[in-house]
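Here is a walk through a protein model with its ligands, written for a reader who wants to know where the pockets lie and what surrounds the bound molecules. Please keep the structure in view while following the paragraphs below.

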Amino acid sequence: MVNENVAEALSLRHIAIIMDGNGRWATKRGLPRISGHHEGAKALIKVMKKVRSLGVEHLSVFAFSTENWKRPKEEVNGLMRLIERMIRERLLPTLNDNPDLCVRFLGDKTPLPPSLCEACLCAEEKNPEGKFFLNVALNYGGRDELVHAVNSAIRDGHKTLDEKTISSYLYTAHSPAPDLMIRTGGECRISNFLLWQLSYTELIFTDTLWPDFDEEEIDRCVAEFARRRRRYGGLDKENPV
Ligand code: IPE
Ligand code: IPE
Ligand code: MG
């Protein structure tokens, strides 16, 4: 199958990833945890290219949760600096060279360092016509997103809400629900990621630590996704039992 047609053939429009295991990757090598985050950033660049080459239109990655502020100040500050550097040195030039790429940050930017916040806004302004969406969940929590969505809807005068309206107020309003969610690092939990959106997403948990995750791992996950039968509560039309 031609690479670009893979996503279409499998109805795989959106992949979400919990990029976990950076700290353990570094500790195993006797390195400071922040080195793991640096390696993790490199893995993201590779994986994004691979995901795009398959014809997938949306990639959502969990970079920093609303709960990650609990970590030691040194790690949090190191992460904020790394994320800003990645945006300014890697993402902005990539956006300039790829008008079809569009980035969105999911989460409340207010508590972020002002210069990081500015870098995020600058990246989001680029390529409004982009067709491939990179969603970076930054200071993101699924519960926080729902509270934010409901409050925004109330502020706009809604008295009652339905599913479509709630979806339209989420940070991910521009993306369909993920078809596939991958979590690296061996933990089998959601950790407050895309709580609303993952209702019928296919989940894959792998022991691979995020900095070791690569193009071949994506191929393996996509092959596993291809074996899944999605029923959405109905019956499998192709293989009725
Ligand atoms: C994921 O890796 C990245 C962030 C949460 C920022 P971790 O830092 O959680 O790595 P482990 O789980 O401690 O190995
Ligand atoms: C989830 O990983 C958040 C990110 C990958 C950014 P955590 O390492 O924070 O999750 P827990 O604490 O193991 O649930
Ligand atoms: Mg972790």
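A pocket, in the sense used here, is an open set of points on a 1 Å grid over the protein atoms alone, where a 1.4 Å probe fits and protein lies on both sides within 12 Å along at least five of seven lines, and its lining residues are those with an atom within 4 Å of a point. The model is a predicted one, and the description that follows should be read with that in mind.

With that definition, the largest pocket is lined by 41 residues, and those nearest its centre are Met19, Asn22, Phe62, Ala63 and Phe64. The elements that contribute two or more residues to this lining are α2, α3, β2, α4 and β4, the last of which spans residues 132-140. Helix α3 gives the most, with nine residues. The volume of the largest pocket is about 1100 Å³, and its lining divides by class into 19 nonpolar, 10 polar and 12 charged residues.

Which molecules occupy this space? Ligand 1 sits in the largest pocket, and the space taken by ligand 2 is likewise the largest pocket. It is therefore useful to take the two shells in turn, where a residue counts as near a molecule if one of its heavy atoms lies within 4 Å of it.

Around ligand 1 there are 13 residues, of which the closest are Asp20, Gly23, Arg24, Arg33 and Arg71. Two backbone contacts can be picked out: one oxygen atom of ligand 1 is 2.9 Å from a polar backbone atom of Gly23, and an oxygen atom of the ligand is 3.4 Å from a polar backbone atom of Gly21. From the side chains, Arg33 places a polar atom 2.9 Å from an oxygen atom of ligand 1. Taken alone, ligand 1 exposes 380 Å², and the protein buries 87% of that area. The elements giving two or more residues to this shell are α2 (22-28), α3 (33-53) and α4 (73-97), with the largest share, three residues, coming from α2. By class, the shell around ligand 1 holds three nonpolar, five polar and five charged residues.

Ligand 2 is surrounded by Ile18, Met19, Asp20, Phe62, Ala63, Phe64, Asn68, Arg71, Arg183, Arg189 and Ser191. Three side chains in this group make polar approaches to the ligand: Asp20 has a polar side-chain atom 3.2 Å from an oxygen atom of ligand 2, Arg71 has one at 3.2 Å from an oxygen atom of ligand 2, and an N or O atom in the side chain of Arg189 is 2.8 Å from an oxygen atom of the ligand. On its own, ligand 2 has 390 Å² of accessible area, and the protein covers 78% of it. Strand β2 (residues 58-65) supplies the largest share of this shell, three residues, and the shell as a whole comprises five nonpolar, two polar and four charged residues.

A further site remains to be described. The second largest pocket has a volume of about 330 Å³, and of the 14 residues that line this pocket, Leu10, Arg228, Arg229, Arg230 and Glu238 are the closest to its centre. Its lining divides into six nonpolar, one polar and seven charged residues.

Key. Residues are numbered from 1 along each chain as its sequence is written. Chains are lettered from A and ligands numbered from 1 in the order in which they are written. This is a predicted model: local features need pLDDT of at least 70, side-chain atom pairs count only at pLDDT 80 or more; totals for chains, interfaces and linings use all residues. Side-chain values use heavy atoms; hydrogens and water are left out. A polar contact is a pair of N or O atoms within 3.5 Å; within protein, one must be able to donate a hydrogen and the other to accept it, and residues adjacent in sequence count only if both atoms are side-chain atoms. Accessible areas come from the Shrake-Rupley method with a 1.4 Å probe; for residues, only the protein chains shown count as cover. A molecule sits in a cavity or pocket if more than half of its atoms lie within 2 Å of its grid points. Helices (H or I, at least four residues) and strands (E, at least two) are DSSP runs, numbered from the N terminus. Ala, Val, Leu, Ile, Met, Phe, Trp, Tyr, Cys and Pro count as nonpolar, Asp, Glu, Lys and Arg as charged, and the others, Gly among them, as polar. Grid points are joined across faces, edges and corners, and a volume is the space filled by probe spheres set on the points.
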